[in-house]
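Please open the structure in your viewer and keep the selection panel at hand. The tour moves from one selection to the next.

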Amino acid sequence: MKKFLSVALALALILTSLTACTEEGSNNDVLKVGAIYPMSGTNALLGSQCMEAVRIAVDMVNENGGVQGRSVELSEADAPEPTAAATEANRLVDKEGVKIVFGSLASGNALSIAQVTDKRGVCLVESGGIADSLTDSGFKYVFRILDKGGLRGSVGVDYIAESISPALGKDAKDIEIAIVHEDSSYGESVANGAEKQIKKLGMNLVSREHYNVSVTDMSAIVLNIKKAQPDVLLTVNYIDDAVRLVDTLKQHNAMPKVFMGCGAGTTDPKFAMTIGSDSDGFFCTDMPTNLPMDVFAGDEKLYNAVSDFREAFLAQHKELNAVPIAAEAAFTGAYTFMNDILPKAGDLDDPDSIRSAALEEKLELTALGFGWDLGEDGQNYAAFANINQWQNGKVVTVAPEKLKNGQAINVPLPISSY
Amino acid sequence: MTFLWTGLAASWNFYSGYCGRLSIGHAAFLGIGAYATALLYANYGISPWIGILVGGALSAIVALIIGGATLRLQGTFFVLSTIAFAKILETFAITAKGITGGSLGVLIPYTPGFLNMTWSGKLPYAIIAWAYMIIVIAACVKLEKSKLGYFLKAVGENKEAAENLGVNSSRTMLKAFLISAVFTSFGGSIMAMYVMYIEPSFVMSMGNSVQFILLAIAGGLGTAFGPLVGSFILVPVTNILRGSFPSISGLHGLLLGLILIVVLLYRTNGILPALREFVDNQRRRAKNDIKS
Amino acid sequence: MEQVIQALISGILSGGIYALISVGLALIFGVVGLVNFAHGEFLMLSMYIAYWVYYFIKLEPYESLLINLVLMATVGYIVYKVIMTRVLEADHSMQMLLTLGLSMVLQNLALMLFKADYRNVRIDITTDVINIGFTNLSTARVLAFIVAIGASVALYLFLQKTYTGVAMKAVAQDGKAAKLMGINIKKIYGQAFIIGTMLVGLAGVLMSPMYSVFPTIGANFSTLAFIVVVLGGLSSIPGAIFGGILIGIVESMAGYLLGPAYQQAAYFLLFILVLIFKPSGIFGRE
C-alpha cells in the first residue's frame, strides 16, 4: 500500500511539474501580450465585454502591421477573484511568456496581478481598477490610463458645488448630500473621494450608507434616504442595483432633487434603456464615454480606430445602443499602449525601455477623450472624469467645458418627490 | 498553489472529513489567518512568521467560541450555522474599515527577505506551502492512529453509541475543530503572503470553503492522503481548463461540479479509496495468477 | 414613525417571497430528508424560462405561468430520477454535497449558455405602485406576497386533506412505518420533490418582473431560504412561512435602523442565536 501511494504521489508530482515546465522560447516575430479579466463569477459581464474590446484592439493593431513589425499574439485569462488573478498572471508570465498584461476591471485583481508581474519585469496596463494603492505602492511597471481613486466622486461633488447649487437656488454649503454606495472596493474608493471633497468644500453630508449588491430589497436603503431628504443623492453602483435603486426611489416617493451617479452602473447604456424616460436628467460622472466622433476629428487615425472599434463591438452586441464604458476603457488602454507607446520603445523585450517610452510619451488625445501623461508612479495624470447626463436615453456630456456637447437639463428632476 | 490547496483541503478534512460533519464556513478561518498576518505586517511591520502564529491563536479563540456554541447542533443545523458564521465575519471585515481597511483590502508591501516571508522567486513559497502541506497531512496520519481520531470517527458514525462507550463527544469534536481551524488559518496566512493582497469579498467567500470541500471529497473524505490526491488532480485540471478556454466562461466550474457529482454518485468515498481498491484487486489477481 | 411602518411592511412583503422559496425547500427536506443546495439554481432556471418566454413570444411571466410550472416539474422529475434516486439511502452530508455539485453545474451551465448578462423582464407591473395611506407598495411585491401566502396555505391544506398529502406527512414523520402501511415511498419522494421544484418555479415567475436574472442569482436567495427553513423548524410549512416573514422584517428593520450594511449580518446573527438557544427552530418540535 505504502509503495503504491508513493508511486501515485511521485506520478502526480511529475505531472504537475510537467505542466508547469512547458515554457516556450521567445519568438522574435511575435509580441506576446496577455489580458486578464473576470470572465466568470460576479463580474463576468463587464469582464467579458472588456476582453472583447482588447481582442478588437489586438486585431486592429495586427491589421496595421503589428508592433515594430512583430505581430501581436493575445493570451486570454479568466480571473474571477484575486487568487485566480495571481495564478493566471503567473501562468501568462511563466508559460506564455507575455511581456505586457492588459487588465483587470476590478482593483483587487489588478493589485494581485501587479504583485506578480512587477517582480518579473512584466508591464501591467490597467484600464479598470481605480484603487489608489495600485499606483501609490511603488510598482515600477504598472501604468494606469484611467483616473485614480476618488476622482470621480470628487469631480461629482465639484460639479454639485459649482453648477447644481446655483440651479437649485442654494448656497453650495447649504446643499445636503447623501451618499449611497455598493460595498466593493470600487464603491468604497469613489465614495471616499466624494466624502473627502465634500468635507474640503465645507458642504453638508447628511448620510453615507453602503450596501451589498446582492441585497434583495432596496426599501431599507431608500427609506434612509427619504428620512434624510437630501437635495442630492450621490451614488455608486453596478448596473442591476442601480436600476433597482431607481425603481425603489420612485416606489417610495423618495426621489431627491438631483441624482448623481458615479461610474459603472449609472453610466452603462443599459441603465437608461431599462429605466426609460425617467432617466432624463440623471447625472453620471465617469471617465468620458461615448464621446461624439467630432472630438476625434483632428486625428484621423484615432478617429478611424474609435469608429471601427465601436462598430465592431456593437456588431457583437445588437442589444446595446452604445459601448459600455468599461469596454471602451479596456480598448483605449490596449490600443493606446500598442499603437502609441510600444512603437517608441527601444527594445520590446526590455521592460525598462517600455517604461521610459510610456513615461516620456505625451499624447493630447486618446480614445477616452483625455490625453496620456504618466507620472513617475505610472498614473496617467491627464486622465479626468467628466459629468454626463442622460437625455433621451443618450449620454450627453455637460462638463468640463472642452468636452461639453449639451446643456444640463432637469435640475431639479421633474420626477423629484419633494 | 497546489500544495497550499492540498494543505487547506486537508485542514478542512481534519475535522469535517473524519467526523462526517460539513463545515461550509471554513473560509472564515482562512480569512482570520490572512488578515492577522497581512495587517500586522503591513501596518506594524511585524514579521509574517509571528503573524501566522497570531492568526492561528486568533482562529483558535474564535473556533473555541463558535465551536462551543454550534458543535452540539445536529448535522444540517451545524452546516448552516457555519455558513452564517462566515457571512457575519465577512460583513465585519467589510464594515470595520478602521481595522481591516474595509473592502479596499490590504496590500502587502514587497520587500523581499526571509524575515518578511517575501521572495522574488516562487520557489521559497512553494517550499513553505509544501512544508505546510506535509505538516497537515502528517497531523492527519497521526490523527488516524490517535485516540482523538478513533473518537472522532466514532462520534461521526454514531454519536450516542460513542457517548455510551464513554467518549466525550463535544470535547472530541471541539478539539478537532480547533486544530482544523488553526491549520486553515496558517494556510490563510501563507496565501496572503503569496498573493500579497487580500480583500474580504474573496478570502472569506463561500467559494473558498466549497473549494476545500471539493478537493477533499474528490480525493477521499476522511483519509489523510485524499486531499492530496484530489488537489493534485483537480487544481492543475482547473487551472489548465481556465487557461485553455478562457472564452468559454463557466467551463471549469461546470466540470468541477460534474466531477463532484460523478464522484459522489459512483464512488461515494472519493478517488483515493477507489484507486486503492483497484490496486488491491490487481494484486489479488496477480497473486491468484501466481498461485494458479 | 411612518417610515418605520413602511420599512416593516416592505419587510413583510419581501418575507412573502422568501417564504414561497422556502416552502418548497421545507417540503423537500421534510418529506425526502434532502437538503437541496441547488434550490436557488432552480429559482434561477425558472426566472430564465420566464425571461426567454417573454423575449421570444412576448408572453408576460404571469401569462406563461403554466408553461413555466410544467417545465419546472419536468426539470424536477429528471433531476430526481437521474440523480436523487441514487442517493436516497446515502448519508446526509453526501446528499448535501451532491446538490452542491448540481448547483455548480447549473450555475456554470447558465453562464455558458446565457452569458453573464443581467436580463430583465420589464413590464408595467415592475414599476407600478399601490398607495395605501402613507405607504407606497410595489404592486409586483404585493401580488407576489398574496400568491406566496396563498400557495403556502394551499400546500398546507393539501398536506392535511388529500390522500397523497397525508401520505407525504406520514413519510415525513416515519418513513419505515409509512412503508409498512403500504405507501409507495419512492413515489411519494418523487412527488414531493416535484412539488417543491414547482413551488420554487412559482417563486421565479413572481420574482421575474422585479429582479434581473443572471447565473448567480440563485446564490443570493438559497442561503436565505436555508436560514428561513431552519428558523421555521426545518420541515414545518407554517414554520417556513413565518420564518420567511420574520427574516424579511429583520432584514428590512435592520437595514432601516442600523444601516443597509447590516441587513444580512442581522439575520445571520438572529439565525445563530436561535440555533444556540433553540436548535430545533422557532416552530420546531423539541
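In which sense do strand 1 and strand 2 of chain A pair, and over how many bridges? Select residues 30–37 of chain A, which are strand 1, together with strand 2 of chain A: the two pair in the parallel sense, over 8 bridges. Keep in mind that this is a predicted model. Within this pair, look for Lys32(A), which has Glu73(A) of strand 2 of chain A opposite.

**The sheet of 5 strands**

Now widen the selection to the open sheet to which this pair belongs: 5 strands of chain A in the order 2-1-3-4-5, with parallel pairing. Strand 2 (71–78) and strand 5 (142–144) of chain A each have a single partner strand, so one side of each has no neighbour in the sheet. On average, neighbouring strands here are turned by 25° against each other, direction ignored.

Add residues 325–341 of chain A, which form helix 12. Helix 12 packs on the sheet and touches strand 2, strand 3 (100–103) and strand 4 (123–126) of chain A. The direction of helix 12 makes about 160° with that of strand 3 of chain A.

**The sheet of 7 strands**

Stay in chain A and select the open sheet with the order 7-6-8-9-10-13-14, whose pairing is mixed. At its edges are strand 7 (204–211) and strand 14 (394–399) of chain A, each of which pairs on one side only.

Zoom in on residues 283–286 (strand 10) and residues 386–391 (strand 13) of chain A, which run antiparallel and are joined by 4 bridges. Here Cys284(A) has Asn388(A) of strand 13 of chain A opposite.

Two helices come next. Residues 185–200 of chain A are helix 7, which lies across strand 6 (176–182), strand 7, strand 8 (232–237) and strand 9 (258–264) of chain A and runs at about 165° to strand 6. Residues 219–228 of chain A are helix 8, lying across strand 6, strand 7 and strand 8 of chain A, at about 175° to strand 7.

**Confidence in chain A**

Colour chain A by pLDDT. The mean is 86, and 93% of the residues reach 70 or more. Select residues 12–26 of chain A: pLDDT stays under 50 there, and the model has 13 contacts beyond four places in sequence for this stretch.

**Where chain B meets chain C**

Last, show chains B and C. Their contact takes 36 residues from chain B and 34 residues from chain C. On the chain B side, helix 4 (75–95) is one of the elements that give two or more residues. Helix 4 of chain B supplies the largest share, 13 residues. The chain B side divides into 22 nonpolar, 12 polar and 2 charged residues.

Key: Residues are numbered from 1 along each chain as its sequence is written. Chains are lettered from A and ligands numbered from 1 in the order in which they are written. This is a predicted model: local features need pLDDT of at least 70, side-chain atom pairs count only at pLDDT 80 or more; totals for chains, interfaces and linings use all residues. Two strands pair if DSSP finds at least two bridges between them. Two residues are in contact if their C-beta atoms, placed from the backbone, lie within 7 Å. Axes are lines fitted to C-alpha atoms, for helices over the stretch in contact, and angles run from 0 to 180 degrees between N-to-C directions. pLDDT is the predictor's confidence in each residue, from 0 to 100. Ala, Val, Leu, Ile, Met, Phe, Trp, Tyr, Cys and Pro count as nonpolar, Asp, Glu, Lys and Arg as charged, and the others, Gly among them, as polar.
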